[in-house]
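Visitor: Before we begin, I would like each term to be justified as we go. Could you take me through the reasoning behind the descriptions?

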Amino acid sequence: MSGIVEKNQQQLAQVLKQAVEKAVEQGEMPQLTVPEFVVEVPREKGHGDFATNLALMLAKPAKNAPRKLAEIIVNNVQLAGTEVEKVDIAGPGFINFYMTPNWIHQVLPQIEEQGKQYGSVEIGEGVKIQVEFVSANPTGLLHMGNARGAALGDSLASVLEFAGYEVQREYYINDAGNQIENFGKSLEARYLQQLDQDVPVPEEGYHGEDLIETVKNFIDKHSDKYLTADPTKRREELVEYALNEKINKIKNGLLDFGVVYDNWFSEQTLHQSGAIEETIKELQQNGYIYENEDALWFKATKFGDEKDEVVVRSNGIPTYFAADIAYHKNKFDRGFDKVINIWGADHHGHVNRMKGSMEAVGYSRDSLEIILMQLVRLLRGGEMVRMSKRTGQFVTLSELVEEVGKDAARYFFIMRSPDSHLEFDLDLAKSQTNENPVFYIQYAHARICSIFRQLEEQGGKKVSAKDVDLSLLQDEQETDLIRKLADFPVEVTMAANTMAPHRIAKYLHELAGLFHSFYNSHRVIVEDQQQSAARLVLAHSTGVVLRNALRLIGVSAPEKM
RNA sequence: GUCCCGGUAGCUCAGCUGGAUAGAGCAACGGACUUCUAAUCCGUAGGUCGGGGGUUCGAAUCCCUCCCGGGACGCCA
């Protein structure tokens with residue numbers, strides 16, 4: 001189910017290879033194996049529809065000038081059965097192919113036929129991938145970093161699915177360990193404060209004011225019956241209640257953001273099942289653990305890391321890292337061929353030892369892929385919004401969605417590469433003007449829908465691409481748009497291969513732009529029935545592709561604006 | 001000090017597994033609404049791709065080095 005662009009590239013690569021082999025056979029070139037070469041789409045329109053660097057790559061092995069070799073190739077290439085109309089040799093030795101004017105039109109019936117599936121490819125071949133993202137501590141609310149991770153992870157998962165991978169979305173709930181201890185102490189302090197006791201929130205605790213709310217809810221339910229209870233018991237009850245509330249809030253917040261997980265994985269289960277102990281034992285047996293100052297250390301340096309890392313503290317409690325090793329081992333045990341984690345850049349020190357630990361338990365370090373995202377800078381009124389989790393001052397995901405809407409938020413978070421610091425301008429995201437790329441794209445879709453509403457009002461009807469003379473679409477704005485539609489499967493492939501959903505955002509923006517140009521230069525519904533039908537097919541196809549691409553990034557395609 | 005990410009138009013960023021004359025959006029300037037939505041379009045202008053060296057037929061892209069900005073270097077997560 002690959003697109004026509006890729007089909008033609010593959011076909012050309014094939015005939016080019018045969019041309020070289022034939023030339024060798026006839027003694028026009030010395031004995032050689034055909035080198036790696038590419039059939040690419042030139043940046044310049046004047047360089048044809050496709051071009052190859054084959055002759056340049058042959059220069060060394062064939063010991064001949066590239067342009068001379070290009071001539072030999074062109075003389076030997078068998079183009080019958082291809083859509084090639086003209087071949088040129090240009091520049092230092094590129095071979096340029098010009099296709100028949102209608103080669104690109106085939107994509108329109110293809111889009112009609114495949115509908116929601118158009119653009120999907122099969123490069124994944126059913127390989128099982130897990131994408132774990134957000135996994136924020138259930139001790140608080142989701143902040144902008146989590147939001148970026150949510151948009152990125154969900155979109156990446158969608159892209160991979162569309163590319164033929166079998167994908168699972170997972171959230172890891174850190175509901176155990178040290179931070180839960182602190183969480184309990186913080187809740188306890190807030191609880192006692194509500195009951196008029198003068199107890200400060202611990203220095204290393206959670207100072208967010210949302211905990212006050214949580215504790216109030218707890219008191220509504222249980223009144224002050226834990227005021228005099230055993231502190232351990234009191235904290236346990238508070239933690240259980242609060243975790244439940246927080247996780248539900250996180251779930252709902254993500255749901256409003258269009259993110260739905262296949263699995264919520266609890267860290268507690270790793271402690272309870274003994275998986276952590278077992279994993280440490282396995283590491284020990286493999287010789288990657290040693291003791292120092294009463295603590296157990298993992299030999300991360302054996303796997304290229306800078307220093308070793310504690311897995312069990314001197315007090316006998318395993319570290320977060322130990323749980324993480326057990327957790328990631330568990331992922332691979334579940335049969336995933338590839339595991340992708342999306343982390344904030346502040347976790348980068350964790351990457352190498354995590355990968356190393358997977359090697360230490362018998363998996364490949366390369367099967368664990370970690371995408372690090374850079375920070376989000378929030379701007380309002382041209383000024384940076386300061387965010388501090390410790391003081392509890394930050395904009396939450398829910399607040400963001402309420403302020404700018406799900407669509408704008410999701411688009412803004414994925415429109416930049418994860419490597420780039422994201423500048424999120426709240427005013428821009430809210431603005432309903434041409435500055436805002438989300439509206440620009442959605443407007444293109446709304447316009448298309450409007451055309452079909454108009455058509456219906458006039459009593460006209462849609463015609464199938466198969467019954468239309470598509471060769472009537474020859475104007476530049478028309479063919480540019482069709483060419484872009486044909487690129488969609490290529491974009492999906494690229495986005496999946498490089499794990500880069502921002503490519504889809506960029507593609508959408510370009511596609512919308514080409515549609516707007518077309519729309520402004522041509523009326524779709526015109527007197528000439530044939531012409532009208534052809535343009536309606538084009539408009540409809542554009543609508544399909546816009547919807548498919550928007551779906552991948554979780555942005556809606558409104559019919560009216 | 002070591003490691004990671006970035007440095008491309010006034011601003012925000014694509015392009016980076018090497019290809020031909022480096023792109024987009026916004027901002028600026030000049031045009032287009034009796035028309036299927038002007039939330040749009042058309043045009044103009046804007047560049048030492050951080051600096052320097054190297055590899056090659058060819059470098060924004062790969063290698064080395066330096067400079068600048070951000071981040072990470074805990075028996076925290």
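**Contacts, burial and cores**

Guide: In this predicted model, residues 24 or more positions apart account for 72% of the contacts in chain A that have a separation of 6 or more.

Visitor: How do you know that Leu508 is in contact with Ile441?

Guide: Two residues are in contact if their C-beta atoms, placed from the backbone, lie within 7 Å. Leaving aside neighbours within four places in sequence, Leu508 is in contact with Ile441, and also with Leu546, Ala549 and Leu550.

Visitor: What makes a residue of chain A count as buried, and how many of the 561 residues are so?

Guide: A residue is called buried because 20 or more other C-beta atoms lie within 10 Å of its own, and buried residues make up 42% of the 561 in chain A.

Visitor: Which residues have the most contacts inside the largest nonpolar core, and which helix gives the most to this core?

Guide: The largest nonpolar core has 115 residues, and Val159 and Leu508 have the most contacts inside it; helix 19, residues 529–552, gives the most to this core, with 12 residues.

Visitor: Why is this core said to lie between two domains?

Guide: Domain 2 (128–172 + 259–373) and domain 4 (434–552) both give residues to the core, and therefore it lies between them. A second, separate core has 22 residues, including Ala23, Ala62, Ile95 and Phe97.

Visitor: What is the predictor's confidence in chain A?

Guide: Chain A averages a pLDDT of 93, on a scale from 0 to 100, and 99% of the residues score at least 70.

Terms used. Residues numbered from 1 in each chain as written. Chains lettered and ligands numbered in written order. Predicted model: local features only at pLDDT ≥ 70, side-chain atom pairs only at ≥ 80, totals over all residues. Core = buried A, V, L, I, M, F, W, Y, C linked by C-beta atoms within 7 Å. Buried ≥ 20, exposed ≤ 12 C-beta atoms within 10 Å, placed from the backbone. Helix = DSSP H or I, 4+ residues; strand = E, 2+ residues; numbered from the N terminus. Domains from an automatic or database assignment.
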